[in-house]
Amino acid sequence: MTEPLDQFDRSILEIMQRDCQIKAEAVGEMIGLSASAVQRRLKRMREEGIISAEIALVDRKVAGNPMTFIAGMEIERENYDALAKFRMWVAKQDHIQQVYYVTGSVDLVAIITAQDVGQYDEITAQIMSQNPQIKRIHTNVVLKDLKLGMFVPMQP
């Protein structure tokens, strides 16, 4: 069972989201806890899944995938049970970075990175051929990143 977050936990999470390599000693100095108390809290939050991952953010251009596409996908109305199959399939697709089940004119929104439009076409062809429940994909090409991030504001 997950313990409720107190102000120390929230402060630790704020700091760790900005720099997950910061030492527990430095975090402790910032918020008024010992390094061992910070380490215990971090260990608990990792075990409880509050901290789900600590990753390096890589520049897409340097990695050879400079383009980002936002793909809105429509699912056949009578085939919503296929969502679980799609979720398992998409988990293995590294170019598909995020997928959201949404309301509105499309059912799913995906953030996809690719080398170019040709590779994106290959990715969408694969989506359609391996997921017949997807009946249409609406694409937006990202012209410029205005903000990138996964920071989650901590509420008091």
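A residue counts as buried when its relative accessible area is under 20%, and I start there because the aromatic pair I want to show you first depends on that cut-off. What you have in front of you is a predicted model, and everything I say about it should be heard with that in mind.

Phenylalanine 69, at 1% relative accessibility, therefore counts as buried, and tyrosine 120, at 3%, falls under the cut-off as well and is likewise buried. The rings of these two residues have their centres 4.1 Å apart, with their planes at 15°, and since planes under 30 degrees apart count as stacked, the pair is classed as stacked. What the pair joins is also worth following on the structure: phenylalanine 69 sits in strand β1 and tyrosine 120 in helix α6, 51 residues apart, so that distant parts of the chain are linked. The count of aromatic pairs in the model comes to 2.

Staying with helix α6, which runs over residues 117–130, we find serine 129 in it. Is serine 129 buried or exposed? Its relative accessibility is 56%, and so serine 129 counts as exposed, while its side chain reaches back to the backbone oxygen of glutamine 126 at 3.3 Å.

A little further along is lysine 135, which belongs to strand β4, residues 134–141, and which, at 41% relative accessibility, counts as partly exposed. Leaving aside residues up to four places away in sequence, lysine 135 touches Glu74, Ile75, Glu76 and Met128. Between lysine 135 and arginine 77 the C-alpha to C-alpha distance is 9.6 Å, although 58 residues separate them in sequence.

Let me turn to the pockets. The largest has a volume of about 840 Å³, and of the 23 residues that line it, Met16, Gln17, Ala53, Met150 and Phe151 are the closest to its centre. Sorted by class, that lining holds 15 nonpolar, 4 polar and 4 charged residues.

The second largest pocket has a volume of about 720 Å³, and here, of 23 lining residues, the closest to the centre are Arg60, Gln97, Gln98, Ile111 and Leu148. Which elements supply at least two residues each of this lining? They include helix α4 (60–63) and the strands β1 (67–75), β2 (96–101) and β3 (108–114), and β1 is the strand that also carries phenylalanine 69 of the stacked pair. By class, the lining of this second largest pocket has 10 nonpolar, 7 polar and 6 charged residues.

How values were computed:
Residues are numbered from 1 along each chain as its sequence is written. This is a predicted model: local features need pLDDT of at least 70, side-chain atom pairs count only at pLDDT 80 or more; totals for chains, interfaces and linings use all residues. Side-chain values use heavy atoms; hydrogens and water are left out. On a 1 Å grid over the protein atoms alone, a cavity is a set of points where a 1.4 Å probe fits but cannot get out, and a pocket is an open set with protein on both sides within 12 Å along at least five of seven lines; lining residues have an atom within 4 Å of a point. Grid points are joined across faces, edges and corners, and a volume is the space filled by probe spheres set on the points. Ala, Val, Leu, Ile, Met, Phe, Trp, Tyr, Cys and Pro count as nonpolar, Asp, Glu, Lys and Arg as charged, and the others, Gly among them, as polar. Helices (H or I, at least four residues) and strands (E, at least two) are DSSP runs, numbered from the N terminus. Buried means under 20% relative accessible area, exposed over 50%, partly exposed in between (1.4 Å probe, protein chains only). A polar contact is a pair of N or O atoms within 3.5 Å; within protein, one must be able to donate a hydrogen and the other to accept it, and residues adjacent in sequence count only if both atoms are side-chain atoms. Contact means heavy atoms within 4.5 Å. Rings of Phe, Tyr and Trp (its six-membered ring) pair if their centres lie within 6.5 Å; planes under 30 degrees apart count as stacked, over 60 as edge-to-face and the rest as tilted.
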